[in-house]
Amino acid sequence: MSTVALPADEAEHAVDRTVIGENLSLPLFRTLSGVLAGHPYLKVVVDRAESTWHLLDTAVHPFHVDYIATRVLGMDVAELDATLDEFNASVYMDRGRRFLLGVLSLHTDGDTDGRERTFLVLETTEADTMHGELLEFFYSFVRERLDGRLPLLLKPANHAQEEELAAISEQRVPRVLGHQLFGTRTRTPLNPGEATGRLHCFRTVEEYQAAAGGLGWSDIVAMPCLPDDVRRVAGFINTMPITPLSHTNVLASGWGIPNAIVRDLDQLVEKDGLDGAWVRYRVREDEITLERMEEVPELRAPAWHQQRIRLEPPLLEDAPVLSLHRLRGTDRDRYGTKAANLGELHHVLDSRTADLTAFHGRPRPPRENLYGHLAARLGLHGQPSAVELRAAAASFVAETVEAPEGVALPFSLMHRFLISSPALQQGIGKLKMALELDATDVLDSLCLQIQQLIRNTPMPDSVAQEITRACRAPLAAGGRLVVRSSSNAEDLPGFSAAGVYDSVTAVHGAGRLLDAVRQVWASLLSPRSVRLRHQVGISSDETYMGVIIQVYVPAALGGVLVTCNPTRREDFRNVYLNCSPGSPEQVVEGRILPQQFLYNTVEGGGRTVALGSSSEPLPAATRARLADLSLTGRLLQSHFGEPGVDSPLDIEWLLTDQGGFRLVQIRPYAL
């Protein structure tokens with residue numbers, strides 16, 4: 001066995017057990033390995049020039065490139081940092097590279113006879129562009145040095161590697177895809193966090209609804225799939241698969257509470273008697289735990305009990321119904337955040353003057369910025385100037401996506417409608433009094449009464465005429481309309497309100513259009529929305545609803561993109577994308593389980609996380625287009641991110657039957 005000596009200052013704290021040139025047995029693997037996402041793993045470096053390999057002690061060498069540069073090539077850390085991108089390119093992208101970098105992870109599953117099978121999986125990093133010949137060499141080199149009793153599978157790390165391997169026999173290179181390996185994972189993190197509370201397990205939505213009134217901030221709710229109108233509690237646990245971009249996980253992210261898929265919860269509950277018990281619940285990227293507490297803990301009210309969201313005062317004087325392309329982001333105080341953001345998107349695409357490179361301009365130590373990576377993604381050569389890079393980014397975005405057409409109804413129309421009805425004014429007055437007195441026992445019934453009044457009170461003729469006049473052409477064409485919410489109390493940093501307000505997606509004719517507008521207005525006063533706003537100090541006097549009316553556009557594919565990795569908050573490279581055939585509502589409302597992808601917006605490349613309800617992966621050409629959409633989302637983050645360019649976005653999108661991407665919503669994604 002050969003080992004690599006540590007410098008004196010490091011040797012005082014750790015013994016480096018890195019092995020060079022020795023065959024790998026299972027006991028040696030366990031000696032050197034760490035644990036990631038519940039699986040033992042070991043970093044591997046193959047040196048083609050020396051025809052040997054290095055098995056890194058994960059406790060001492062967390063990064064391949066640091067080890068190669070400092071321990072094999074004799075570079076110092078400062079020299080590596082100064083040339084990090086060039087060095088990475090030499091080991092991850094050079095077709096004739098000397099070093100092959102990978103990870104071996106240990107897995108178990110059941111064979112056809114129900115017996116447990118242990119096997120190893122070899123994969124590269126996600127940014128590695130290793131071609132088919134190198135992948136086969138890498139696999140064969142490692143296979144020859146393993147205990148022959150251990151099966152070895154190669155897992156392509158990105159879509160490009162999948163395509164390279166397609167021409168190679170699976171007999172020569174046995175493989176497993178990421179979604180096959182992790183699709184049945186017992187525990188999957190959705191939103192990191194920690195909570196202490198009383199665990200309540202429900203088998204059905206009906207069971208949950210019967211108990212929901214008694215749930216509060218010190219409870220943790222577990223059930224197969226939580227409903228979108230779940231109460232604000234201390235933590236969520238799902239026992240069936242959902243996506244990190246579901247409405248309930250967006251709520252968990254916005255509320256800062258842990259959320260995970262725990263498929264073996266029934267066994268844990270039965271084994272430790274957890275239902276109704278006080279537990280400590282932790283969700284991390286590599287670990288999910290539920291620990292029973294023998295004594296009732298002393299709990300303090302959560303931070304959100306003192307949280308106060310401040311709204312810009314709504315402007316209620318008469319404002320015209322406007323086409324979305326005439327709005328700007330500053331119009332949110334008259335038309336709502338959603339409409340204003342879509343208007344701003346029109347401006348960004350039409351003017352091409354916004355700086356969409358600011359995210360890539362942020363320092364990512366030891367790099368001063370990511371401009372070189374962005375230039376490569378945009379197909380620019382050499383070192384373009386800042387002006388050239390901004391122009392290329394603006395053109396790329398404008399050529400990749402379009403903004404939706406439609407009209408926006410201002411807050412003033414809802415205000416005129418409300419003050420036209422004495423009964424509505426009286427009901428709203430009672431609701432305000434109940435909120436001031438914290439009379440929660442009558443809150444729900446008051447809200448439901450007001451909602452019923454809004455849906456059934458005729459609109460003043462002047463209000464109805466403004467709406468139908470603005471939609472004269474689509475109404476005359478007899479097509480399908482979509483009516484969406486655009487409140488000033490949604491899509492805010494610290495208060496997303498995802499899934500709280502109504503949208504009506506199948507509207508035909510003027511009468512149904514006015515009914516749909518009233519339904520969207522009424523959703524502002526649902527029991528749930530009123531409670532959530534009251535919890536964060538948003539006054540009913542400050543809250544109004546604008547409305548977006550659009551012509552329905554058929555979609556071949558639709559979904560949601562968030563410009564971050566929801567389960568790894570420190571990851572500045574990847575964005576998370578969900579999609580399914582048809583409209584994005586199917587994804588966000590959880591009606592089907594979508595295909596899920598991670599796309600690297602720095603070095604490029606993407607990988608499939610899960611196929612969801614689909615039986616077949618998307619065609620390679622479609623996945624390549626989704627990579628362009630992902631980079632577009634990252635570039636738009638530079639303009640729309642609040643409070644800064646590192647603040648991720650939540651973007652709903654669709655791929656129209658005409659073959660273009662259309663963005664139908666842009667809002668902050670809370671982390």
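## Contacts and overall build

Start with who touches whom: among contacts in the protein chain with a separation of 6 or more, 63% join residues 24 or more positions apart. Keep in mind that this is a predicted model.

The chain's secondary structure adds up to 25 helices and 26 strands. Its radius of gyration is 27 Å, close to the 26 Å that the globule rule gives for 671 residues, so the chain is as compact as a globular protein of that length. Along the principal axes, the C-alpha atoms fill a box of roughly 90 × 65 × 50 Å.

As for burial, 54% of the 671 residues count as buried. The accessible surface comes to about 28900 Å², and carbon and sulfur atoms own 49% of that.

## The seven-stranded sheet

Seven strands make up an open sheet with mixed pairing, running in the order 16-26-25-21-22-23-24. At the edges sit strand 16 (401-402) and strand 24 (606-610), each pairing on one side only.

Strand 16 pairs with strand 26 (residues 661-668) in the parallel sense, over two bridges. Here Glu402 stands opposite Arg662 of strand 26. Helix 13 (residues 337-351) packs on the sheet and touches both strand 16 and strand 26. The direction of helix 13 makes about 125 degrees with that of strand 26.

## Asn574 in strand 22

Strand 22 (residues 574-580), another member of the sheet, is home to Asn574. This residue is buried, with a relative accessible area of just 3%; the cut-off for buried is under 20%.

What surrounds it? Leaving out residues up to four places away in sequence, Asn574 touches Glu126, Cys564, Asn565, Leu598, Tyr599, Asn600 and Arg634. With Asn600 there is a polar link to look at: a polar atom of the Asn574 side chain lies 3.4 Å from the backbone nitrogen of Asn600.

## Helix 23, mostly under cover

Now over to helix 23 (residues 527-535). Seven of its nine residues are buried, so the helix is largely enclosed by the rest of the structure. The buried ones are Pro527, Arg528, Ser529, Val530, Arg531, Leu532 and Arg533, a list that includes three arginines by name: Arg528, Arg531 and Arg533.

Which helices help cover these buried residues? Among them are helix 10 (247-255), helix 18 (422-436), helix 19 (440-456) and helix 22 (510-523). After helix 23 comes Gly537, and its phi is positive, near 80 degrees.

Notes:
Residues numbered from 1 in each chain as written. Predicted model: local features only at pLDDT ≥ 70, side-chain atom pairs only at ≥ 80, totals over all residues. Heavy atoms only, no water. Pairing = 2+ DSSP bridges. Helix = DSSP H or I, 4+ residues; strand = E, 2+ residues; numbered from the N terminus. Contact = heavy atoms within 4.5 Å. Axes fitted to C-alpha atoms, helices over the stretch in contact; angles between N-to-C directions. Rg over C-alpha atoms; globule rule 2.2 N^0.38 Å. Buried < 20%, exposed > 50% of the residue type's maximum accessible area, 1.4 Å probe, protein only. Areas by Shrake-Rupley, 256 points an atom, 1.4 Å probe, with all protein chains shown as cover. Polar contact = N/O pair within 3.5 Å; in protein donor to acceptor, adjacent residues only side chain to side chain.
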